[in-house]
Amino acid sequence: TTFGTLATGGFSPRNASIGAYPSPYIHYMITLFMFMAGVNFSLHYWALKGKFGHYVRNSEFRFFGMIICIALGMIMVARWMGGETFSEGLFRSSLFQTVSIVTTTGFVTQDYEHWPFVTHIILLALMFIGGCTSSTGGGIKNVRVLVLLKEMGSELKKLFHPHGVFPIKIGDKPVPENAVSNVVVFIAFYILIFLFGVLAMAGLGLDIDTSIGAVAATLGNVGPGIGSVGPTENYAHLPILGKWVLSFLMLTGRLEIFTVLVLFTRHFWD
């Protein structure tokens with residue numbers, strides 16, 4: 001379980017995953033270490049040297065924490081409005097699943113497919129965001145999402161001030177324009193591959209929920225998706241060709257797209 005937590009692998013020796021252990025202590029401990037595994041490991045290095053302030057000063061860490069808090073709040077409210085009683089158990093299961101999905105670990109304590117539909121959308125978005133850079137998490141990564149949001153804000157400002165210069169900064173350091181372009185292209189490729197993956201899985205006869213859930217979960221290296229590949233299901237029933245497609249997506253997502261896509265360019269083979 002520890003190996004599956006820190007490597008954000010999500011494999012458990014029990015069929016019910018972490019739900020097989022009813023202890024709140026176990027749930028909170030695994031949540032803590034999933035969170036740590038999703039954080040930039042260089043920050044842990046500085047913490048070991050007694051410099052804990054690096055956590056607070058790091059823009060990606062603050063953004064990561066904000067995403068978790070927002071998603072947690074929205075999921076708890078949705079479940080409460082869906083008829084569940086507000087309790088420690090509701091908070092714990094919502095927190096666990098939020099951290100598990102955003103860090104792309106994939107452990108589960110409850111079948112979240114029984115939660116309100118809006119929570120599925122939130123968890124799906126977390127699959128795309130993923131962990132931080134230099135972490136064991138997958139997904140697009142928080143710093144890329146942060147750079148994209150800042151670039152969108154900069155472009156909006158230019159609409160009102162066409163001659164203005166609005167550099168993108170992460171912390172106190174400006175991000176070079178070529179790095180910003182790289183982030184935008186990466187995210188564009190990520191979404192494009194996701195769409196092609198969904199089309200491929202839907203073409204094999206899967207329903208739209210399963211197609212979206214399977215592609216998002218494999219491309220982001222999460223594990224459990226939605227639909228017939230949800231938290232209490234598996235991928236065994238999928239067509240053989242579908243398994244090949246999802247295997248390619250897992251490899252592409254883990255190697256962060258460019259490494260795989262370059263193999264399909266003519267310049268690589270010249």
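User: How much space lies in the largest pocket?

Analyst: About 770 Å³, a volume being the space filled by probe spheres set on grid points joined across faces, edges and corners. The model is predicted, with pLDDT of at least 70 needed for local features and 80 or more for side-chain atom pairs, while totals for chains, interfaces and linings use all residues. Residues are numbered from 1 along each chain as its sequence is written, and side-chain values use heavy atoms, without hydrogens and water.

User: What makes a residue part of the lining of the largest pocket?

Analyst: A lining residue has an atom within 4 Å of a point on the 1 Å grid, and a pocket is an open set of such points, with protein on both sides within 12 Å along at least five of seven lines. The largest pocket is lined by 33 residues, with Gly10, Phe11, Gly223, Pro224 and Tyr235 closest to its centre. H11 gives the largest share, 5 residues.

User: Why is H5 called roughly perpendicular to H8?

Analyst: The axes of H5 (residues 59–81) and H8 (residues 142–160) cross at roughly 90° and come within 9 Å. Angles of 65 to 115 degrees count as roughly perpendicular, so H5 is roughly perpendicular to H8. Among the residues making the contact (heavy atoms within 4.5 Å) are Phe63 and Phe64 of H5 and Leu146 and Leu149 of H8.

User: Which elements give two or more residues to the lining of the second largest pocket?

Analyst: H5 and H8 do, and the largest share, 3 residues, comes from H8. This pocket has a volume of about 410 Å³.

Notes:
Axes fitted to C-alpha atoms, helices over the stretch in contact; angles between N-to-C directions. Helix = DSSP H or I, 4+ residues; strand = E, 2+ residues; numbered from the N terminus. Parallel < 35°, antiparallel > 145°, perpendicular 65-115°, else oblique. 1 Å grid on protein atoms, 1.4 Å probe; cavity = no way out; pocket = protein on both sides within 12 Å on 5 of 7 lines; lining within 4 Å.
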